[in-house]
Structures are given as structure tokens and as C-alpha cells.
Amino acid sequence: MTTIAIVYHSGYGHTAVVAQAVAEGVTRAGATPKLLKIENAAQDFAPLLEEASKADGIIFGTPVYMGDVSAALKAFFEASSKIWYTQGWAGKVAAGFANGLTAAGNKDNALGSIFVLAMQQGMIWVGTGLMPGNMEGNSKAAPEAMNRLSYSIGVGTQSDNAGPDVTPPSGDKDTARHLGERVAKIAAKLSA
Ligand SMILES: Cc1cc2nc3c(=O)[nH]c(=O)nc-3n(C[C@H](O)[C@H](O)[C@H](O)COP(=O)(O)O)c2cc1C
């Protein structure tokens with residue numbers, strides 16, 4: 001059975017909602033999701049690293065804080081240097097998602113940081129594989145549109161200044177489900 005770890009931080013609960021949607025997508029593909037929540041930058045990361053190491057693929061998720069991944073996810077990345085020494089994650093599938101307050105908000109930079117970590121670890125990167133959600137060009141994509149914010153390196157989602165029970169919108173969660181499903185299917189193919 002293919003297992004996909006979803007390693008994420010969420011200070012205020014919005015990125016956690018996206019992580020949950022990614023997990024639903026993994027399940028939809030017939031694989032097992034393992035949600036691994038980072039609590040803070042000072043915690044002991046050994047148990048999370050151990051769990052992630054057992055998975056066939058790892059999807060990393062972050063809120064965008066000051067244009068980049070949160071300090072807590074960055075601390076996890078640094079703790080993973082022990083695994084880098086032995087290239088313990090090499091060949092595993094990797095992907096990322098980033099949630100911010102604004103439509104852009106430098107999400108590409110946060111996704112880029114996740115991408116670099118995955119490349120240092122010798123992982124196999126999987127993007128969204130989606131066309132932009134706003135192909136008409138002149139109008140905003142609807143809240144229920146897939147990939148409405150038009151990210152390709154990973155999933156970009158947006159939370160308004162409201163609780164995680166109402167935001168991000170359904171299209172963003174569908175896009176997150178798509179990523180989970182896509183990563184799980186590719187990981188299953190690679191391990192076949
Ligand atoms: C310290 C801090 C810095 C932030 N910087 C950004 C930013 O650069 N870009 C952005 O779009 N949103 C930014 N935000 C907004 C958060 O990304 C947004 O509220 C998000 O929903 C938080 O996710 P969470 O609830 O999982 O923590 C920032 C929030 C905080 C607390």
C-alpha cells in the first residue's frame with residue numbers, strides 16, 4: 001500500500017484545512033495519507049522525520065509568513081539535514097502547497113523553498129500539472145475554480161481574514177485534493 005506523508009505547519013488553522021484536503025486526495029487514489037503536523041520550530045523533530053521516512057512520498061505544506069515558508073517548517077527542513085547526509089529520502093516523490101492571505105503574496109517563493117529542499121534531498125518533484133484557472137484572462141477565476149490562482153510548481157491557496165471553517169474556498173481545496181491524488185498515483189507507479 002502506497003503511503004504519502006503530509007508534513008505541514010499551520011499557525012492559525014488555515015493551512016491545516018488545505019493539508020486535510022491533500023489527505024483526502026491521497027485517499028481518493030487508494031493510498032494511505034499520514035498527516036504530520038509541525039507544532040513549532042523548537043520541537044523535537046525526530047518522530048516526524050522517522051514517520052516521513054517510512055512514506056513513499058512526502059508533501060510539504062506551509063503558511064506563507066513574510067514571503068517564505070514559516071520558521072517552523074524551515075526548522076523541520078534543517079532537522080532533515082541528518083537524512084540528507086545519507087540521502088535517505090532520495091527517490092521519494094515530493095510536492096508542496098502554500099497558503100497565504102493574498103492571491104499572490106509571494107507563494108512562489110515559499111513553494112520554491114520547498115522545491116529546493118526536495119532537490120537537496122534527491123527527491124522527485126511533482127507539480128500540479130494543471131492549466132491556470134483563469135484562462136479567459138480578463139476576469140477573476142471563480143472561488144470554486146480549480147487552480148484559480150494559477151500555480152504550477154505546487155498548490156497555492158488563499159485564506160481571507162476569516163476562520164478556517166470558511167476559507168480557503170472550495171476551488172482551492174479541490175486543487176489540494178488533486179495534488180494529493182496525483183502524488184499518490186505517481187508514487188504508486190514508481191514503486192510498482
Ligand atoms: C508573521 C506573518 C507573516 C505573513 N506573511 C504573509 C505573506 O508574506 N504573504 C501572504 O500572502 N500572507 C502572509 N501572512 C498571512 C498568512 O499567510 C495567512 O493568514 C494564512 O492563512 C496563515 O495560515 P495558517 O492559518 O495556517 O497559519 C502572514 C501572516 C503572519 C502571521
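Two elements of this predicted model each supply at least two residues of the shell around the ligand: helix H1 (14-28) and strand S4 (93-100). The shell holds 17 residues. Ser10, His14, Thr15, Val64 and Tyr65 come nearest to the ligand. By residue class, the shell divides into six nonpolar and 11 polar residues. No charged residue belongs to the shell.

The ligand sits in the largest pocket. Several polar atoms of the protein lie close to polar atoms of the ligand there. Tyr65, one of the nearest residues, contributes its side chain: an N or O atom of that side chain is 2.7 Å from an oxygen atom of the ligand. Met66 contributes its backbone instead. A polar backbone atom of Met66 is 2.8 Å from a nitrogen atom of the ligand. Gly105 also takes part through its backbone, with an N or O atom 3.0 Å from a nitrogen atom of the ligand. On its own, the ligand has 640 Å² of accessible area, and the protein covers 77% of this.

Aromatic rings were examined next. The count comes to six aromatic pairs. One pair is formed by Phe60 and Phe77, whose ring centres are 5.6 Å apart. The planes of these two rings stand at 85 degrees, and an angle over 60 counts as edge-to-face, so the Phe60 and Phe77 pair is edge-to-face. This pair links distant parts of the chain. Phe60 belongs to strand S3 (residues 57-63), whereas Phe77 belongs to helix H3 (residues 71-79). The two residues are 17 residues apart.

Methods
Residues numbered from 1 in each chain as written. Predicted model: local features only at pLDDT ≥ 70, side-chain atom pairs only at ≥ 80, totals over all residues. Heavy atoms only, no water. Near = heavy atom within 4 Å. Polar contact = N/O pair within 3.5 Å; in protein donor to acceptor, adjacent residues only side chain to side chain. Areas by Shrake-Rupley, 256 points an atom, 1.4 Å probe, with all protein chains shown as cover. 1 Å grid on protein atoms, 1.4 Å probe; cavity = no way out; pocket = protein on both sides within 12 Å on 5 of 7 lines; lining within 4 Å. Sits in = over half its atoms within 2 Å of the grid points. Helix = DSSP H or I, 4+ residues; strand = E, 2+ residues; numbered from the N terminus. Nonpolar A, V, L, I, M, F, W, Y, C, P; charged D, E, K, R; others polar. Phe/Tyr/Trp six-rings, centres within 6.5 Å; stacked < 30°, edge-to-face > 60°.
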